[in-house]
Amino acid sequence: MSNLSEFENIADAGQETAPIWINDLTVAYHRKPVLWDVNLVLPEGKLVAVIGPNGAGKSTLIKAILGLVPKATGDIRIYGRSYEAQRRLVGYVPQRESVDWDFPVSATDVVAMGLYGKIGWLKPVSRRHREQAVEELRKVGMEAYADRQISQLSGGQQQRVFLARALAQDAQVYFMDEPFAGVDVATEKAIVALLKELKTAGKTCVVVHHDLQTVTTYFDHVVLLNMRVVAAGPVEEVFTEENLKKTYGGKLTLLSQALHKYAQQPGIGTGGAKGGHR
Amino acid sequence: MEWTFIDSWIIVTGILSAMSCALLGNYLVLRRMSMMGDAISHAVLPGLAIAFLVSGSRDSLPMLVGAVGVGVLTAVLIQAIGKLSGLDQGASMGVIFTTLFALGLILIRQAADHVDLDPGCVLYGAIELTPLDVYTLFGWEIPRAAVTNGIMLLVNVLFVVFFFKELRITSFDPALATTMGFNAGVMHYVLMALVAATTIAAFESVGSILVIAMLIVPAATAHLLTDRLVAMLAISLVVAALSAVLGHLGAITIPTWIGFRDTSTAGMMAVAVGVLFLAVFLFAPRHGIIGRMVAQGLLTLRVNRDDILGMLYRVQELSGQRSPAVKTDDLRKALLTGGWVNLALADLLRTRMVRRTLEGVVLTESGLSSAANLIRSHRLWESYLCGQMGFCDAEAHYSAHQLEHVTDEAMQERLKRAANYPTLDPHRKAIP
């Protein structure tokens, strides 16, 4: 009991100031919980990797923070306030496969979308905005492709366009969903350099990551996720073999077995049912 | 066949309705939900029937309200069924729109005893009759259908112009749009409401089949022609207008050529837009079938030309003579690409790379230098692949064989530097 209150004190400590503060978050698709009782406080100015096996809820965690999936329970704060109040402080890089790359837009058009929030409703994209978009493309080494239609870019180049768009958002906290997935060596280097730059500028980056080999070299902080937070903290402290085993070992841990049974029982009204009755 | 003001008004009405459908259709096609237009244009039927039963008239306003209400309801139901049942969007669309359409038919049948709202009219429309039902506006008699479709087109144009940026981001990346405060869900339902309203405005004059055609085909045609959104919107409008004109002209002329009276304009417009799509599909410069085939053919031709030059060079190298003749049959046997060899040979003769003698074909001076250049590329690649990359077996030869066709001088220089300026390739052949 004393442990719990101590934990709550720590959690409360970051509530007003931390870039990301999450208390008791549960997310369910239909009846099946995807995230279960997530408590998380992330420090400012760090590069944070979110790792965990497939289906661990990594993308869902980001989407729940951004209000893209409904939460069954829980409280999420960005610098002490709700996401809706802090939109302008947040940048988002979705998974590359989540959009249609045959869409008739150029690389500049896509990057300029990062400025839409600042431009606001109904106002058009001006020449100045387009120039700024090209400037962001330059930062990721893509200015030569500014006028290319996006389907004519390689996977890595497309990812860099997405990053340039995030830069255009000029946010304090960035959420990136697998930016390293399926990119070439040059792009991987470009992304790492960019992350370092963002960190130097005092930004917080939360990155869904798959490659365990590179966690220690690319990131300072890590969240090990498997439906719940197995461990979170500085890489050197929590990125241990024991924690990794807990995160990845055995598809069905005791907890997830219990949850599975729970979800199958008819008429039980917790997270899953609430989510459905929203 | 005589042209009357009726024909002019039919064309004007056709153009206006086709353009207002086509404009919104771009966003349906880009959002990969083309069939949503199909679903909504059918599903609004009960909305029309209910509006008629409630208001007791065929006035545009109650019809519009009924259609938009049911249109949005359709979009909501499709979304909800898809989400809750786990069915894919196509299946939930099929369930919702057929049910609503059937419901509409039943309602219309019930009301049909005392009204002139008939199902046939819903499918084909009656554009030929629209010029007879007129408004008087500033002393001008303007067909009611032209006015409604004109207003609808104006509304759609204003919507697309003012919400250009919002439509673009919610169509391309709904998740990012939503995180930025441009609610993709709201945009979706506004778009669906406008599709329903447009459908209903166009419906009366041109019928549901043409509405569906005009929602999808002009946009799909434009998408094949351009990579820019603004250009796509503009082209789709031109295609829509063109098919309205061609459709009516076709309807009043083509049947008379084969001894019939004129046919349905709406039907002919749908055929016209289909023909335009087919033409673009075949002939579009980059995405068209024929364009792609030509590009492929030119590449094959070039590879064959290069291979003939390479073979002539190697024969000369082996024989030690200056420009030995090689029989055409031997070329064919060696290259195994059938008719392409003849075409490539004809092209080489035309560009004076080779000439024909009694014994066979012979390299000319310029042919020799191109051939030497090609062999240089090939052997530099082999040297590089074997010396630097460690591929020294037959695979290196095949890779070099593919790469030689796309190697320019700058690349040759880089290869030379990387391979330490070799003079002999791995097979101890001289690099020219």
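Of the 278 residues that make up chain A in this predicted model, 52% count as buried. The secondary structure of chain A amounts to 13 helices and 9 strands, and its exposed surface comes to about 12,900 Å², of which carbon and sulfur atoms supply 51%. Where contacts in chain A join residues at least 6 apart in sequence, 70% of them link residues at least 24 apart.

Within chain A, helix H7 covers residues 155–169, a run of 15 residues, and its first and last C-alpha atoms are 22 Å apart, a span close to the 21 Å expected at 1.5 Å a residue. Because 14 of the 15 residues of H7(A) are buried, this helix is largely enclosed by the rest of the structure. The residue that follows H7(A) is Asp170(A), which has a positive phi, near 45°.

A second aspartate of chain A with a positive phi is Asp37(A), at about 55°, although this residue is not a glycine. Most residues other than glycine have a negative phi. Asp37(A) belongs to strand E2, which comprises residues 32–42 of chain A. With a relative accessible area of 40%, Asp37(A) is partly exposed, since buried residues fall under 20% and exposed residues lie over 50%.

Chain B contains 18 helices and 4 strands, and 48% of its 432 residues count as buried. The radius of gyration of chain B is 32 Å, whereas a compact globule of 432 residues would have a value near 22 Å. Taken along the principal axes, the box filled by the C-alpha atoms of chain B is roughly 100 × 60 × 40 Å. Contacts between residues 24 or more positions apart account for 70% of those in chain B with a separation of 6 or more. The area exposed by chain B is about 20,900 Å², and carbon and sulfur atoms supply 66% of it. As for charge, chain B carries 30 positive and 32 negative side chains, with the centres of the two sets 12 Å apart.

Three residues of chain B illustrate local settings in this chain. Arg32(B) lies in the loop that connects helix H1 (5–30) with helix H2 (34–43) of chain B, and its phi is positive, about 55°, although Arg32(B) is not a glycine. At a relative accessibility of 56%, Arg32(B) counts as exposed.

Arg305(B), by contrast, is located in helix H13, residues 289–319 of chain B, and counts as buried at 16% relative accessibility. When residues up to four places away in sequence are not counted, Arg305(B) touches Ala344(B), Asp347(B), Leu348(B), Thr351(B) and Met353(B).

Met353(B) also appears among the contacts of Ser366(B), which, once neighbours within four places in sequence are left aside, is in contact with Arg352(B) and Met353(B). Ser366(B) is found in helix H16, formed by residues 365–387 of chain B, and is partly exposed, with a relative accessible area of 36%. Between Ser366(B) and Pro285(B) the separation is 81 residues in sequence and 33 Å in space, from C-alpha to C-alpha.

Note on methods: Residues numbered from 1 in each chain as written. Chains lettered and ligands numbered in written order. Predicted model: local features only at pLDDT ≥ 70, side-chain atom pairs only at ≥ 80, totals over all residues. Heavy atoms only, no water. Helix = DSSP H or I, 4+ residues; strand = E, 2+ residues; numbered from the N terminus. Expected span 1.5 Å × (residues − 1). Buried < 20%, exposed > 50% of the residue type's maximum accessible area, 1.4 Å probe, protein only. Contact = heavy atoms within 4.5 Å. Areas by Shrake-Rupley, 256 points an atom, 1.4 Å probe, with all protein chains shown as cover. Rg over C-alpha atoms; globule rule 2.2 N^0.38 Å. Lys, Arg positive; Asp, Glu negative; His and termini not counted. Charge placed at Lys NZ, Arg CZ, Asp CG, Glu CD.
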